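Morning, everyone. I have one structure to walk through today. Let me put it on the screen.

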Amino acid sequence: MKILTANRLIDGDVVFLTDDNDWSIDINDARIAHDQLQASKLEEAGALADEAAHVVGCYLVDVVAATGKIKATHY
């Protein structure tokens, strides 16, 4: 499973792409990609947001979901 993270340009906060194609500072709001096709779509959405200067430095993060919470497997 993967999520997309970036830094928001307005304030530098770490943010996560949500199901609504918005960005949240809460990792538990992140849209989860369960396969490579979904992960590719996350990257495409990130590239568009980067081009629009909403965020910078988009990349995928491996995660696990346990007890209803998302946790990154590596920082």
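Start with one residue, T5. Leave aside its neighbours within four places in sequence, and T5 is in contact with V14, V15, F16, W23, G57, C58, Y59 and V61. Before I go on: this is a predicted model. Keep that in mind throughout.

Where does T5 sit? In strand β1, which covers residues 2-8. Is T5 buried or exposed? Buried, because its relative accessible area is 4%, and the cut-off for buried is under 20%. Now look at its side chain. The side chain of T5 reaches the backbone oxygen of V15, at 3.0 Å. V15 is also on the contact list I just read out. So much for T5.

Step back to the whole chain. How many helices and strands does the protein have? One helix and five strands. Read along the sequence, the order is β-β-β-α-β-β. The radius of gyration is 11 Å, close to the 11 Å that the globule rule gives for 75 residues, so the protein is as compact as a globular protein of that length. For the outline, take the C-alpha atoms along the principal axes. They fill a box of roughly 35 × 25 × 20 Å.

Next, the interior and the surface. Of the 75 residues, 32% are buried. T5, at 4% relative accessible area, is buried. Now the contacts with a separation of 6 or more. Residues 24 or more positions apart account for 48% of those. On the outside, the protein exposes about 4800 Å². Carbon and sulfur atoms supply 52% of that area.

Charges, briefly. The protein has 6 positive and 13 negative charges. How far apart are their mean positions? The answer is 7 Å.

Two backbone spots to finish. Please find N21. N21 lies in the loop between β2, residues 14-17, and β3, residues 23-24. Its phi is near 60°, a positive value in a residue other than glycine.

Then go along to T67. T67 is in the loop between β4, residues 55-66, and β5, residues 69-72. T67 is not a glycine either, yet its phi is positive, about 50°. And how accessible is T67? It counts as exposed, because its relative accessibility is 79% and the cut-off for exposed is over 50%.

So we have two threonines to keep in view. T5 is buried in the model. T67 is exposed. That's my tour; over to you for discussion.

Terms used: Residues are numbered from 1 along each chain as its sequence is written. This is a predicted model: local features need pLDDT of at least 70, side-chain atom pairs count only at pLDDT 80 or more; totals for chains, interfaces and linings use all residues. Side-chain values use heavy atoms; hydrogens and water are left out. Helices (H or I, at least four residues) and strands (E, at least two) are DSSP runs, numbered from the N terminus. Buried means under 20% relative accessible area, exposed over 50%, partly exposed in between (1.4 Å probe, protein chains only). A polar contact is a pair of N or O atoms within 3.5 Å; within protein, one must be able to donate a hydrogen and the other to accept it, and residues adjacent in sequence count only if both atoms are side-chain atoms. Contact means heavy atoms within 4.5 Å. The radius of gyration is taken over C-alpha atoms; the globule rule is 2.2 Å times the number of residues to the power 0.38. Accessible areas come from the Shrake-Rupley method with a 1.4 Å probe; for residues, only the protein chains shown count as cover. Lys and Arg count as positive and Asp and Glu as negative; His and the chain ends are not counted. The place of a charge is taken as NZ of Lys, CZ of Arg, CG of Asp or CD of Glu.
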